[in-house]
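Thank you all for coming; I would like to walk slowly through one structure today, and I ask you to keep the picture in view while I speak.

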Amino acid sequence: MSDAPAPAKRTNRINLEITQYRGSKTTLCAGCGHNAITERIIDAFFEMGIDPKRVLKLSGIGCSSKSPAYFLNPSHGFNSVHGRMPSVATGAMLANKNMLAIGVSGDGDTGAIGIGQFVHLMRRNLPLIYIIEDNGCYGLTKGQFSPTADLGSKAKNGVVNDLPPIDTCALAIELGASLVARSFSGDKKQLSAVLKTAIAHRGTSMIDVISPCVTFNDHEGSTKSYSYVKDHDEPLGEISFVPYFEDINVEYEPGSTTQVKMHDGSQLYLRKLAEDYNPSDKITALRTLHETNRRGEFATGIIYIEPDKDDFIETLNLVDEPLAFLPTERTRPGRAVLDELMESLR
Ligand SMILES: Cc1ncc(C[n+]2csc(CCOP(=O)(O)OP(=O)(O)O)c2C)c(N)n1
Ligand code: SF4
Ligand SMILES: [Mg+2]
């Protein structure tokens, strides 16, 4: 037997091992983009040193919405009705604003049955990381076109989609989400940086992740297949995320890099690649989405960011203590208070 000591297990800044960030074994198809996103979520929460017990995982219905079962086992979780995750998230965050909420939805769950809830979530800027695992189809019900399927794209059986898509990023920017990003499940580096930025952000982080469905939408003629997305990915720039607990050691040329200070003190450096891109300008962001879309490309990266915008909790001016912990005397004022109020309205 060797006397060599066993290698020390890697722990993060709160002394937890990566195993504490994992979930149950996936039941999704091998090669599904959703599994790769799960891996990035596990790594991002581990590397950011977030206590899983502070995290609330939410979802709707779909293959994508099963994903929260596969990460952060010790966290709180709620699998809602199809398309209704936003209202559950809103209630939960209003009850306990100290939680860090992450919701996983699908392009069908968000863009079809859940579009009404999605719209109001975006305009409220609720503190929530909202991920759309976007495969352009209803994977769970055998691959029908979803509202993000591109006009003219082909289903596996050869049927051509004759409806224009909803661009969830453009919609989210237009409606008021304060961090909007698009990424690809196969781009490990970019997706990790986007997720860490979202963890550091206070407000709605709407992240559309193109996530190919290998079983129903990975063929020629699909614009959400691995090969199509790899060939048409147009990153807006290189993202360097430096968490507040690490020394800042990024070399950049002023003028070619936008520096953004996040809510928690972390720093984001966005180095522009092609044209001049300003991620804090809504008009530029929307124009870029339209232009890349017209060329059949996907603009990826941080598309829009407004780090200081009031979130829904601030807008409502809630008391400091989470509402869930207030004693009954403070949440149900007695008869005398009601009488006084009625008197004041006379
Ligand atoms: C009220 C209701 N209507 C319809 C369904 C059937 N259904 C289950 S999942 C789904 C769509 C899932 O698509 P998406 O959100 O894109 O997830 P994916 O499976 O592609 O990851 C539908 C229509 C349902 N479960 N509940
Ligand atoms: S059917 Fe498609 S979306 Fe669902 S698990 Fe399989 S590959 Fe993923
Ligand atoms: Mg889908």
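Let me begin with Arg330, which counts as partly exposed because its relative accessibility is 48%, and whose side chain meets that of Glu321 in a salt bridge with an N to O distance of 2.7 Å. Glu321, at 36% relative accessibility, is also counted as partly exposed. Please bear in mind throughout that this is a predicted model. As a general point, side chains of opposite charge can pair when their charged atoms come close. In this model the count comes to 12 salt bridges, and I will pick out a few more of them.

Which side chains meet in a salt bridge at 3.1 Å, N to O? They are those of Asp311 and Arg202, and this pair links distant parts of the chain, 109 residues apart, with Asp311 in the loop between strand 13 and helix 10, and Arg202 in the loop between helix 7 and strand 8. Is Asp311 buried or exposed? Asp311 counts as buried, because its relative accessibility is 1%, whereas Arg202, with a relative accessible area of 21%, is partly exposed.

Within helix 12, by contrast, Arg335 and Asp339 form a salt bridge at 3.5 Å, N to O, and because these two residues are four apart in that helix, about one helical turn separates them. Arg335 is exposed, its relative accessible area being 60%, while Asp339 is partly exposed at 36%. Just after helix 12, which spans 335-344, comes the segment that holds Leu345, a residue that is exposed, with a relative accessible area of 63%. Leu345 joins Leu338, Leu341 and Met342 in making a nonpolar surface patch of about 420 Å².

There is also a network of salt bridges, linking Asp167, Arg182 and Asp208. Asp167 appears again at the start of helix 6, where one of its side-chain oxygens comes within 2.9 Å of the backbone nitrogen of Cys169. Helix 6 runs over residues 168-175, and its buried residues are Thr168, Cys169, Ala170, Ala172 and Ile173. After the helix comes Gly176, with a positive phi near 125 degrees.

Now let us turn to the ligands. Around ligand 1 there are 17 residues, of which Cys63, Ser64, Gly108, Asp109 and Gly139 come nearest. Oxygen atoms of this ligand lie 2.9 Å from a polar backbone atom of Cys63, 3.0 Å from a side-chain N or O atom of Asp107, and 2.9 Å from a polar backbone atom of Leu140. On its own, ligand 1 has 600 Å² of accessible area, and the protein covers 73% of that. Which element gives the most to this shell? Helix 4 does, with four residues, and the shell divides by class into six nonpolar, nine polar and two charged residues.

For ligand 2, the surrounding residues include Cys29, Cys32, His34, Cys63 and Phe216, and the shell has seven nonpolar, four polar and no charged residues.

Finally, I would like to set two distances side by side. Leu151 and Leu163 are 12 residues apart along the chain, and their C-alpha atoms are separated by 5.5 Å; Ala30 and Leu100 are 70 residues apart, and their C-alpha atoms are separated by 29 Å. Leu151, in the loop between strand 6 and helix 6, is exposed, with a relative accessible area of 56%, and Ala30, in the segment before helix 1, counts as exposed at 73%.

Definitions and conventions: Residues are numbered from 1 along each chain as its sequence is written. Chains are lettered from A and ligands numbered from 1 in the order in which they are written. This is a predicted model: local features need pLDDT of at least 70, side-chain atom pairs count only at pLDDT 80 or more; totals for chains, interfaces and linings use all residues. Side-chain values use heavy atoms; hydrogens and water are left out. Buried means under 20% relative accessible area, exposed over 50%, partly exposed in between (1.4 Å probe, protein chains only). A polar contact is a pair of N or O atoms within 3.5 Å; within protein, one must be able to donate a hydrogen and the other to accept it, and residues adjacent in sequence count only if both atoms are side-chain atoms. A residue is near a molecule or strand if one of its heavy atoms lies within 4 Å of it. Ala, Val, Leu, Ile, Met, Phe, Trp, Tyr, Cys and Pro count as nonpolar, Asp, Glu, Lys and Arg as charged, and the others, Gly among them, as polar. Patches are made of residues with over 30% relative accessible area and no salt bridge: like charges are joined within 9 Å, nonpolar side chains (Val, Leu, Ile, Met, Phe, Trp, Tyr) within 5 Å. Accessible areas come from the Shrake-Rupley method with a 1.4 Å probe; for residues, only the protein chains shown count as cover. A salt bridge is a side-chain nitrogen of Lys or Arg within 4 Å of a carboxyl oxygen of Asp or Glu.
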